[in-house]
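Trainee: Could you take me through the salt bridges here, one at a time? I would like to see where the partners sit and how open their surroundings are.

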Amino acid sequence: MATSYNAKEEDGHHSGASSHGAAGVVKSKKPDNTAFKQQRLPAWQPILTAGTVLPAFFVIGLIFIPIGIGLYVSSNNIKEFEIDYTGVDISNPCYSCAKNFSWNSTTPCVCSMNFTLEQPFESNVFMYYGLSNFYQNHRRYVKSRDDSQLNGDQSALKNPSKECEPYRTSDGLPIAPCGAIANSLFNDTLELYHIDSNNTRNTIPLVKKGIAWWTDKHVKFRNPGFIKLNKHLCTNKPVNWRKPVYELDPSDPDNNGFINEDFIVWMRTAALPTFRKLYRIIQKKSNTTPTLPSGKYVLEITYNYPVLSFDGRKRMILSTISWMGGKNPFLGIAYITVGSICFFLGVVLLIIHHKYDTRSNSADIPN
Amino acid sequence: VLTPPVRTCTHKCVGEENWVDSRTIYIGHKEPPPGTEAFIQQRFPDNRIVSSKYTFWNFIPKNMFEQFRRVANFYFLIIFLVQLIIDTPTSPITSGLPLFFVITVTAIKQGYEDWLRHKADNSVNQCPVHVVQHGKVVRKQSRKLRVGDVVLVKEDETFPCDLILLSTSRDDGTCYVTTASLDGESSHKTYYAVQDTKAHSTEEEVDSIHATIECEQPQPDLYKFVGRINIYMDNEAVARPLGSENLLLRGATLKNTEFIYAVAIYTGMETKMALNYQSKSQKRSAVEKSMNSYLVVYLCILISKALINTALKYVWQADPNRDEPWYNDRTETERQRHIVSLAFTDFLAFMVLFNYIIPVSMYVTVEMQKFLGSYFIMWDDEIFDEELGERAVVNTSDLNEELGQVEYVFTDKTGTLTENNMEFIECCVDGHVYVPHAICNGQLMPGAAGMDMIDTSPGPEVHEELFFRALCLCHTVQVKEEETVDGIKHGIHQGKSTSFYISSSPDEVALVEGMKRLGFTYLRLKDSHMEILNREDEIERFELLEVLTFDSVRRRMSVIVRATGELYLFCKGADSSIFPRIISGKVDQVKARVEHNAVEGLRTLCVAYRPLTPEQYQEVCHLLNGAKLALQDRDKRLAEAYDIIEKDLILLGATAVEDRLQEKAADTIESLHKAGMKVWVLTGDKMETAAATCYASKLFHRNTQILELTTKRTEEQSLHDVLFDLSRTVLRQHGNMTRDTFSGFSGDCTDYGLIIDGATLSAVMRPTQEDSNSGNYKEIFLEICRNCSAVLCCRMAPLQKAQIVKLIKTSEEHPITLAVGDGANDVSMILEAHVGIGIMGKEGRQAVRNSDYAIPKFKHLKKMLLVHGHYYYIRISELVQYFFYKNVCFIFPQFLYQFFCGFSQQPLYDTAYLTLYNISFTSLPILLYSLIEQHINMDILKKDPSLYRDIAKNSLLRWPIFIYWTVLGVYDAIVMFFGAYFLFDNTTFTSNGQMFGNWTFGTLVFTVLVFTVTFKLALDTHYWTWINHFVIWGSLIFFVVFSLLWGGIIWPFLNYQRMYYVFMQMLSSGPAWLSIILLITASLLPDVVKKVICRAMWPTTTERIQVSLLSLHQSLMVSLRSSVSSIQFQFNFICIAPIHNRSYLRTLFK
C-alpha cells in the first residue's frame, strides 16, 4: 500500500475522488480514425531483392550495350583532324612567329602549315581552335566581365562593373568590352587552302556565322542601341586588342561590336583548361563532292596570340559532327561497360537468388 | 478538535530562529497594533503575470541573440559574415538566404507565440476581481491586486493569485477547489479556512479582521507551504499555523462553494503557478549525439579540404606564369597584399565554397521531423483509453527516436503494472481471519476459519471491536453526498447508498468500504466527530483530536480520538514500520498471516492502537503544536514528534487488499523482454507482494532462478560475501552461454531474476569506509544485474529509484533507459531516465507533467516502443545519414573541380543551385520520408518484438554505416564529376558543333546529382503512398521547371547572366541526355547491388520478414489469379495492397 499512499501524500491535498474526466472531454480527445493519422495510408511496398532486381539488371544490360555499341560506332565514323601550330619546335613553321612575338609589333606575323587529309570529310566540317593549359575557368577570370555592358546597357558602358578590374579602365576611359575575358580575345586568323592536283591554292570558304548560341547572339549580347559603336563613344579598347570592338567585323554590321560571333564564342568560358572553341564552319556544297576531299592543305595563320609564356598550346581542329556530337569514344565505352557490368551482376544475382533466396523463403517465417 | 490557541510571546516563539526568508503580510493593509514588534515593510510585485519573453522593442535583438546562441546558427552566421567581408567565390546570398529564411521563420514562430502569450497575459491581467476595501466590495483589474488585499471569489471563478483562505460561505470553513489547470487533477479538493476567521463571512466582518501573516518567500513546490497567522484581538496576538491546506493557488477554480474571502499573499510572478513555468532541463537523444559527432567529422573534412586546396594552390602558383598569365592579371591592390593574408583569405574562401557540406537545412528538417512526427503518437487510435478518455501526450518531441533505442525499462508497480484499483480481501485480528462475503465466494481461503462474514470462533472481543473501529477511524477518507458532487463520481455506492467515499489513496477507500461490508459503516465527519454505524445500527461518535498524516518515510498514519472519555491512538501502516513499535499483541500469528498474504500478491497493512491517558494526551498536544507552529523545518519537527507519539503500540491485526494487474501487462512485459529490453520493477512495496506481482506479470517465469539480495540474506552473511556468491553463480552460467545477449537469446538456458531491497541497495551504493571495496560493490552489482533478465527492487524510496536509474545509465555501456510511472514518487526516476513516461493513473498528474511522454495505460508502452519508437528511429537515422550523403555528393565534385581550375575557388554550380539544393530541390522528399516511412508493417512490428533488436544500440548510426554512406557519397561524386569531365574533355557535345562552357558543365553535374540523390531516396523508400509519389516526382519536376525558368529569362536584378539558356541548350543535346541517364545508373548501381546482396546473404530479421511477406504476397497472388477472375481486384491487390488484405495475409502466415 505504501507506494500509492506516499504518492498521494506528496500531493498533499485532501483530494477528492480519483476520478475520470468528464464525458464531454472524452469525445474531443478521441483521435480521428483517418488513414493518414493512423499511419495506415494505402501504399505500395516494394522491396529490393535479388528476385525483383534481376530482371531490371538484365534489361539495363540489354538496353545499354546496344546503345553503347551504336555510340561507339558513330563516334568512330567521325572524321577528326588536329594540328598543333604553337611553334614550340624549331621545325614548326610558326616557330619564329612564336619566338618573336611582341605586343607592340605592328606588322602581323604570318606562318603556314601544310598538312594532308588521308580521308575525305563528307558532311559539314567544323573548324575549331583549341587551347591547352589556358585557364578560362579561373575564378578571377570567369567573373571578370560585365554582362549588362555586353547587353548594351548605357550606364554599364560608361561605368563598367568592378568585377572587370584590372581591365576596367585605361587612360581614364572605361574599357568596352571590359574584363579579362574580353581582353584576352583569341585573335589569330586562320585560313584554309586546298592544294589540288595541279598545285593551285584554292581558298576554302569559311562561314563565320552560326558558331555562337542563337540566344547569346540575339538576346544576351546586344550593341548599345541608338549610339553606333564608334569613336565618339568615349570608351577605350581593351589593352591587348589591336582594334576597337566596333571594328571586329566592319564588313558586316550584324557581326560587329558586341554581337561579333567570334567574340561571343570566346566569352563563353570553357569548363576545363584544355578546350576547343568553334571557329568557322565549312558548309557542304553538294551531295556529290565531299566537303573536304582527301589531299593536301595549307593552314595560314596570322599569329597574334601568345601562349608560350604560360606553356600553352594552340591547335586547329577539323571535325565532322554526328547527332551525338564530335569524336568522343568515352560515352560509347562507358555505356558498354555499364551495360556489361549490369549483365554480369544480373548473372551473379541469379546465382545468389538461386542459392540463398529459397533458404530465406522457407525458413524464418515469423510465428 | 483544534489546537488550543497559543499565546504569542513576541518573536521568541517557535521556529523564529534566523528566519530571514519570510514575508509579512498585513491583511487589508492594516498596520499591526503598536506594541507588537515592528516588521520591515517589504515591497511585493503587483499581480501582473508576464509569461511573454519579449516586448515590442527588445524582440529583434533578444530573439536574434537567442537564435545565434545555437552553434549551428552561429556557424552559418560566421560563414555569411566571411562572405560579406572577403572576396569569396559564391555570393553572400547563397548562405545568407537560407540562414535568413531559417532565422525569419523561427523568429516569426516565436514572435507569434509570444504575441499569443501577450494576449493571454493581457486578458488575465485585466480580468476583474472583487476586492474588499473599507468594508465594501470593489471591482479591480487583476493586475492591480496587491499583497494583503482581501479578495472575494465566487463559485467557478479562478483564483487571481495565491490566497490564504479566511472564510467561506460554508459554516465549517471549508471550500472545494479543483486544480485541473495546475496539475490536471480534476478531482475536488477541500481547503480549510483559518479557524479564528472562518466566522467572518460578510465583507464588513472580513474588513474587521486585524491580523498579519508571516510566511515563507514563494517557492515553486505546489504542495508545500508553511506560514503563521497572528490575529490581534484586544491587543493580544493569537498565532495559528498555516499549511498548504489553507493556501488557494492561482489557477485553481472554486467549486461547490458559493463564495470565499481570502487574502493575497503571493502575487504576479511570485505565485506558485508562475514559478512552475520554468522549463525542465533538456534531454538529448542518442541520435542527436551521433549527429553531433558526425558534424565534427564533417567539419574536419571541411577544414582539411580547405587546407589541402590552399596548400596546393600555392604550390601550383609557384610558377608566376600560372599565377598571373598575361590574360589574367591581378589588381594592383591585390598584388601588394602580403602572402600570409592572401593565403588566409584563400583558406576562408575555400571554407565558404565547401561550407554547404554542413547544411542549415539539416537542423530545420530534423526539428520539423521531430515536431511533426510526434503528432503520430498523439493521433494514435490504439493509444487511447476509452475508459479514461485520454490519449497519449507528447511533452517533448526531442526524444521520439529514443523510444526505439530503449535497453532498460524501469517500471513502477502500483498503478503502472497494476490497476491501482483496490479491493478489500480480508482482515485478520489476532490470527482470526475475516472475509467479506462478497469476495470469498468460490474462493478457497486456506487460513480462513469460516466462510461466513465473521469468524465465529470465540476471539478476543475487545480487540475485534477495536480493530474494526480503528479501521473506520484511522483514515483521511471523505464522504461525498450524492447531490454535492457533479459529474466526477467514484463508483463505490452500491445500490441503495447515496453517499460514497473519496480519498487520495485507493487503499483507504478499499479498507473503509471493506469495513462497511463487515458491518461497520463510516458515516461522516461532523463537527470534529466521526460517526460510525455499527452492526447493531447504532451510531457511535468519536471525537477526532489529531491526525498524524501519512508520509512515505514513516510509512504509517495515526489518529487520536476520544470516545466516551477514553483516548485512543489508532495507527495503521506497513508491517515493517509497525512491528518494531509493538509491545504486545499476537505478533507471530499476525506476522505469519501478513507474509502469507504478501506472497499471494496482496497489499497488507497492520493496525495497532495505544490507549492514552489525559496526561499523555496533553504531552502529545504540546509536542504537536510546537512542531506545527515552526516555520522552519516544520516537516522535520513534525516527524520527530510523530516518532515520539507513535510508540508502545498494541497490535490489533492486519488487512489485505488486492490490486489487480493492468490489462495486458503480462503480454507487454513479455514483448519487451522479447525485444531485448531488460525490465526492472522498482516499487516501494514489500518484497513478497512485489514478487507475486512479478510472477503474475510474467516478469519472472517459473524457471527463472531467483537471486535474492535482501536484508534477510545480508543479516546472515556479510554483504560482501553475498555479492560475490551471486556473481559467481551468475558468471559460471554465463561462461557457458554465448556472450552476445542479443542474438543469443534463447529460452532453454536459465535466466536469472534478481530481487534487491532498498536497504541492501543503499548498502551497495554507499561509498564504504574500506575504500578497497567501495567501487567494487557497485561493479559486482552491475555485473549481476547485467546477467539477469529481470530485476525487482522493492522497498524503494523515490530517490532510490532515481539512483538505480542513474547507476545503470552511467554504467560503462551507457544503455538507454526508460522509466514508467504514474505517481509523484516516480517523478525523480522519470526525470532521471533517458526517456520518462508517465501513466495517467489515479494518483494525480505529477508523473504526467514531468514525463516526456504520457500514456493512459501500461499496455500502450508496447506500441510506443515497438512501433513508434522503431519507426522514428529508422526514419531519423535515414534522415541524418541521407543528409550527410547528399551533401557529400553535392560538394565533393566542387572540390574535385578545384584541381582543374587552378585552385581558384571557382564554384562548379550556379549560385541559385548552390542556394536551393538543400532548401528546395532535395529537402521535401527526405522530410516526407522521415515522417511516413514504414520499412515493415506496423502489425508485424507489434507481433514480432524481436525486430526491435535489429535497431538496438543505435545500430543504424554506427560508424561503419556512416562511413559506408560517406564513401557512397564520394563514389557518386566521382562518377558524376569525372563522367562529365570525360564527356566535356576537348570534344563537341552538340549536334550543331557549338561548344558548351563551364556553366553547362556544372549544370550537367548538378542535374545528375539531383536525380541521383532523389532516386537513391526512392530506392530506400519502402512505403509508397500517393504523397511519396507526389513529393518525389514533384520535386524533380520542380527542379526541371525551375531550371528552365531560371535560364529562360534575362533576370534584370542580376549582374550576371551566366545561366541564360544553359539548361535548355544542355537538354537540346542528345549526348547530354544519354550521359545523364548513364551517370545516374552508374551512381546508383553499387548501392542497389550492396542492398540486394546483403539482403540475400546476410539478412537481418527485419529483411527476412520483409522478403517472406513479399513472397507470401506473390504466392497469394498466384492463387488469387487462379481463383478470382476479377482483374480489377488483382490490380488493387498488387498496386495498393490495402490494409484489410494485410490482416488476411497475417492469418495465412500462421
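Mentor: Happy to. Over all chains, the structure holds 65 salt bridges. Please keep in mind that this is a predicted model, in which side-chain atom pairs count only at pLDDT 80 or more. The idea behind such pairs is simple: side chains of opposite charge can pair when their charged atoms come close.

Let's begin inside a helix of chain B. B:Glu332 and B:Arg335 join their side chains in a salt bridge, with 3.0 Å from N to O. These two residues are three places apart in helix α9 (residues 332-335) of chain B, so about one helical turn separates B:Glu332 from B:Arg335. The general rule helps here: an α-helix has 3.6 residues a turn, so residues three or four places apart point the same way. As for their surroundings, B:Glu332 is partly exposed at 47% relative accessibility, and B:Arg335 is partly exposed as well, with a relative accessible area of 36%.

The next pair spans far more of the sequence, so to speak: B:Glu407 and B:Lys953 are 546 residues apart and link distant parts of the chain. Their closest N and O atoms are 2.9 Å apart, and the two residues form a salt bridge. B:Glu407 belongs to the loop between β17 (393-394) and β18 (408-412) of chain B, while B:Lys953 belongs to the loop between α31 (938-943) and α32 (959-984) of chain B. Is each partner buried or partly exposed? B:Glu407 is buried, with a relative accessible area of 10%, whereas B:Lys953 is partly exposed at 32%.

A third pair joins a helix to a loop. B:Glu464 forms a salt bridge with B:Arg535, and 3.4 Å lies between the closest N and O atoms. B:Glu464 is in helix α13 (residues 461-473) of chain B and B:Arg535 is in the loop between β24 (529-533) and β25 (539-551) of chain B, so this pair ties together parts that are 71 residues apart in sequence. Here B:Glu464 counts as buried at 7% relative accessibility, and B:Arg535 counts as partly exposed at 30%. Beyond single pairs, salt bridges that share partners join A:Arg40, B:Asp380, B:Glu382, B:Lys863, B:Asp939 and B:Lys942 into one network.

That brings us to the contact between the chains. Four salt bridges are counted between chain A and chain B. One salt bridge brings together the side chains of B:Glu386 and A:Lys30, at 3.5 Å from N to O. There are also 34 residue pairs in polar contact between chain A and chain B, with both residues at pLDDT 80 or more. On chain A, the elements that each supply at least two residues to the side touching chain B include α1 (2-11), α3 (50-77), β3 (125-132) and α11 (329-362). Of these, α11(A) gives the most to that side, with 14 residues. The residues on the side of chain A that touches chain B divide into 61 nonpolar, 37 polar and 23 charged.

As a setting for those pairs, the contact takes 121 residues from chain A and 161 residues from chain B. Chain A and chain B bury about 12,800 Å² between them, and 59% of this is on carbon and sulfur atoms.

Key:
Residues numbered from 1 in each chain as written. Chains lettered and ligands numbered in written order. Predicted model: local features only at pLDDT ≥ 70, side-chain atom pairs only at ≥ 80, totals over all residues. Heavy atoms only, no water. Contact = heavy atoms within 4.5 Å. Buried area = accessible area lost by both parts, 1.4 Å probe. Polar contact = N/O pair within 3.5 Å; in protein donor to acceptor, adjacent residues only side chain to side chain. Helix = DSSP H or I, 4+ residues; strand = E, 2+ residues; numbered from the N terminus. Nonpolar A, V, L, I, M, F, W, Y, C, P; charged D, E, K, R; others polar. Buried < 20%, exposed > 50% of the residue type's maximum accessible area, 1.4 Å probe, protein only.
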